[in-house]
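The exercises below concern helix packing and sheet topology. Please work through each task before reading its solution.

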Amino acid sequence: MAKFTGKKAKKLAKFNTASMGDIVFILLFFFMVTTTMRESEVKVKTDVPKASEVAKLERKDLTVYINIGPPIASEQARYGTDTRIQLNDAFKTVDDISHFIAAFREGLDEKDRPYMTTALKIDKDTKMGIVSDVKEELRRCQALKIMYNAIKAE
Amino acid sequence: MIRNKKETPELNSTSTADISFLLICFFLMTSSMDQSMGINRVLPPIPPEDQKIPENQIKPHNVLQVLVDGQDRLSVNQKTIDIRDLKATTKEFILNPNNDPSKSSKKEEDIPGAGKVMISEAVISLQNVRSTSYEKYLQVQNELTAAYNELRNEESLSRFSRKFDDLTETQRNVITTIYRQRISESPPKDTRKKK
């Protein structure tokens, strides 16, 4: 036994983990800056079409989202499979859009209001009828800047 | 002096990493990385009710009529065409290199920073019906945007020898004035009116 005591006495080199916290914090900041909170629970299927000429959305904070599509599977028992409009967390009709837009615009800074953009997340199987209704309603609300959401196709 | 001999107590920071990891996990779960991308458009404002509609302001030969019908068939100036040909057709209509009288005419305009330039007076009229699918509609919008983007890119390459995306703000304004996106959409005939 005595032969080995010498080796046993050697201490295992201590790994300094003090900087690990800092590194993880940097990672944390990266994620905090690059990500945005999921706006709301999506209740309609919005499988947006592909397009090659897409542009990035410039100001996410000035963007209001309108989702249009058939309700997702778990909501179909209550709401059927017809195309629906989702504003915030609930199914709404075309008539509710003006209130919705007005409320969003109220919350913006005065100088930012002209740059407000409406992002239309529309399922690709939707018929244009409802889309036209929504667009007409947006014209009435003076929300003229719109964006048709799409996936970038190569 | 005895005090100086005392070592500063070390703060045990092993758990900071764990706490931060928990926070990271929270942000990873609650956030979405997906970039919102899409095609930008500006809707025309609703004209005031007392405004008279000016008639024959746009000459018919300057209008390219793009129609997508209920079966998602595409026709340009009453001729059925394939979506793959739409971009080329649109470009040709706007550029009109052989000065074809049935295509868009040009007007000389003085643009600050570029001098006198011949600007096409083409207007693209996009029509659809209520039963057109959104996918087809967006494809058509995409092709029209592509046509304009290509025209702008070609113009900025010949004028400033740089791509449109690399231009300065003023140069970009010059190009967008030369090729202004004039896509006019009239809603389908039976779009519901304000009650």
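Two exercises on this predicted model follow, each with a worked solution.

**Exercise 1.** Determine how helix 2 of chain A and helix 2 of chain B are oriented to each other, and describe the residues of their contact.

*Solution.*
1. The helices span residues 18–34 in chain A and residues 14–30 in chain B; their axes lie 8 Å apart and enclose an angle of about 15°.
2. Angles under 35 degrees count as roughly parallel, so helix 2 of chain A is roughly parallel to helix 2 of chain B.
3. The crossing of helix 2 of chain A with helix 2 of chain B is left-handed.
4. Chain A contributes A:M20, A:G21, A:V24, A:F25, A:L27, A:L28, A:F31 and A:M32 to the contact, while chain B contributes B:T16, B:A17, B:S20, B:F21, B:L23, B:I24, B:F27 and B:L28.
5. By class, the residues of this contact comprise 13 nonpolar, 3 polar and no charged.

**Exercise 2.** Establish the strand order of the open sheet in chain B, then place helix 4 of chain B relative to its strands.

*Solution.*
1. The sheet has 5 strands in the order 5-4-3-8-9, and its pairing is mixed.
2. Strand 5 (79–80) and strand 9 (183–185) of chain B each pair on one side only, which identifies them as the edge strands.
3. Strand 3 (residues 63–68) and strand 8 (residues 123–128) of chain B run parallel and are joined by 6 bridges. B:V66 has B:L126 in strand 8 as its bridge partner.
4. Helix 4 (residues 134–160) of chain B lies across strand 3, strand 4 (74–76), strand 8 and strand 9, and runs at about 155° to strand 3.

Technical notes
Residues numbered from 1 in each chain as written. Chains lettered and ligands numbered in written order. Predicted model: local features only at pLDDT ≥ 70, side-chain atom pairs only at ≥ 80, totals over all residues. Axes fitted to C-alpha atoms, helices over the stretch in contact; angles between N-to-C directions. Helix = DSSP H or I, 4+ residues; strand = E, 2+ residues; numbered from the N terminus. Parallel < 35°, antiparallel > 145°, perpendicular 65-115°, else oblique. Left-handed = near helix turned anticlockwise from the far one by under 90°. Contact = placed C-beta atoms within 7 Å. Nonpolar A, V, L, I, M, F, W, Y, C, P; charged D, E, K, R; others polar. Pairing = 2+ DSSP bridges.
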